[in-house]
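Please read this briefing alongside the sequence and the coordinates. It takes up the strands, the charged pairs, the aromatic rings and the backbone in turn.

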Amino acid sequence: KVAIINNLGIENLASSWKLVLAKDGHDVTAVGLSDHEPAIETVIYVKKEGMGTELLEYFKNAKIVVEDITSRVNVATKNADVFIVLGHQHSVVPEV
């Protein structure tokens, strides 16, 4: 289960990425906004080592970090195991 966090304040960015990932069969259970400072790079936070690598196909050059950030996000996460925190490098969504 994946949650996508819009860290850039760009309207509908996380929802647009959700459509891309869902089209390819990924279980995106939550999207939301972050109140943190925007970042250049996208970070994929995973609960366990080895998770999230398949998402690098979409988020080239993203960093994968093993850390449970559930308590740090203001999103109803619906038991997500992977949190994609979008940075400027992924502010443009590919066509669905």
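**Sheet, salt bridges and ring pairs**

Val43 stands opposite Lys63 in E4, in a model that is predicted. That pairing belongs to the contact between strand E3, residues 43-46, and E4, which run in the parallel sense and are joined over four bridges. The wider setting is an open sheet of five strands with mixed pairing, in the order E2-E1-E5-E3-E4.

**The sheet and its strands**

- The edges of the sheet are formed by strand E2 (28-33) and strand E4 (63-66), each of which pairs on one side only, and neighbouring strands are turned against each other by 20° on average when direction is ignored.
- Strands of a sheet pair through backbone hydrogen bonds, in either a parallel or an antiparallel sense.
- E1 and E2 run parallel and are joined by five bridges; within this pairing, Ile5 has Gly32 in E2 as its bridge partner.
- The connection between these two strands can be followed through helix H1 (residues 13-23), since E1, H1 and E2 together make a right-handed β-α-β unit.

**The start of the chain**

- Lys1 is found in the segment before strand E1 (2-6), and with a relative accessibility of 45% Lys1 counts as partly exposed.
- Although Lys1 and Asp81 are 80 residues apart along the chain, their C-alpha atoms are separated by 5.5 Å.

**Salt bridges**

- The structure holds two salt bridges, and one of them joins Glu41 to Lys63, with the closest N and O atoms 3.3 Å apart.
- Because Glu41 lies in the loop between E2 and E3 while Lys63 lies in strand E4, this pair ties together parts that are 22 residues apart in sequence.
- Both ends of that bridge are partly exposed, Glu41 with a relative accessible area of 33% and Lys63 with a relative accessible area of 40%.
- Lys63 thus appears in two contexts, as the residue that stands opposite Val43 and as the partner of Glu41 in a salt bridge.
- In the salt bridge between Lys23 and Asp24, the side chains meet at 3.6 Å, N to O.
- Which of these two residues is exposed, with a relative accessible area of 55%? Lys23 is the exposed residue at 55%, whereas Asp24, at 40% relative accessibility, counts as partly exposed.

**Aromatic pairs**

- A pair of aromatic rings is described by the distance of the centres together with the angle of the planes.
- A search of the whole structure finds two aromatic pairs; in one of them, the rings of Trp17 and Phe59 have centres 4.4 Å apart and planes at 40°, so the pair is tilted.
- This contact ties together parts that are 42 residues apart in sequence, because Trp17 lies in helix H1 and Phe59 in the loop between E3 and E4.
- Trp17 counts as buried at 2% relative accessibility, and Phe59 is likewise buried, with a relative accessible area of 0%.
- The rings of Tyr58 and Phe59 have their centres 6.5 Å apart and their planes at 55°, so this pair, too, is tilted.
- Tyr58 and Phe59 are both buried, and the ring pairs link Trp17, Tyr58 and Phe59 into a cluster.

**Positive phi values**

- Most residues other than glycine have a negative phi, which is the background for the two asparagines that follow.
- Asn12 has a phi near 65°, a positive value in a residue other than glycine; Asn12 lies in the loop between E1 and H1 and, at 47% relative accessibility, counts as partly exposed.
- Asn61 has a phi near 70°, again a positive value in a residue other than glycine, and lies in the loop between E3 and E4.
- Is Asn61 buried or exposed? At 66% relative accessibility, Asn61 counts as exposed, whereas Phe59, which lies in the loop between E3 and E4 as well, is buried with a relative accessible area of 0%.

Definitions and conventions
Residues are numbered from 1 along each chain as its sequence is written. Side-chain values use heavy atoms; hydrogens and water are left out. Two strands pair if DSSP finds at least two bridges between them. Axes are lines fitted to C-alpha atoms, for helices over the stretch in contact, and angles run from 0 to 180 degrees between N-to-C directions. Buried means under 20% relative accessible area, exposed over 50%, partly exposed in between (1.4 Å probe, protein chains only). A salt bridge is a side-chain nitrogen of Lys or Arg within 4 Å of a carboxyl oxygen of Asp or Glu. A crossover is right-handed if, with the strands pointing away from the viewer, the path from the first strand over the helix to the second runs clockwise. Rings of Phe, Tyr and Trp (its six-membered ring) pair if their centres lie within 6.5 Å; planes under 30 degrees apart count as stacked, over 60 as edge-to-face and the rest as tilted.
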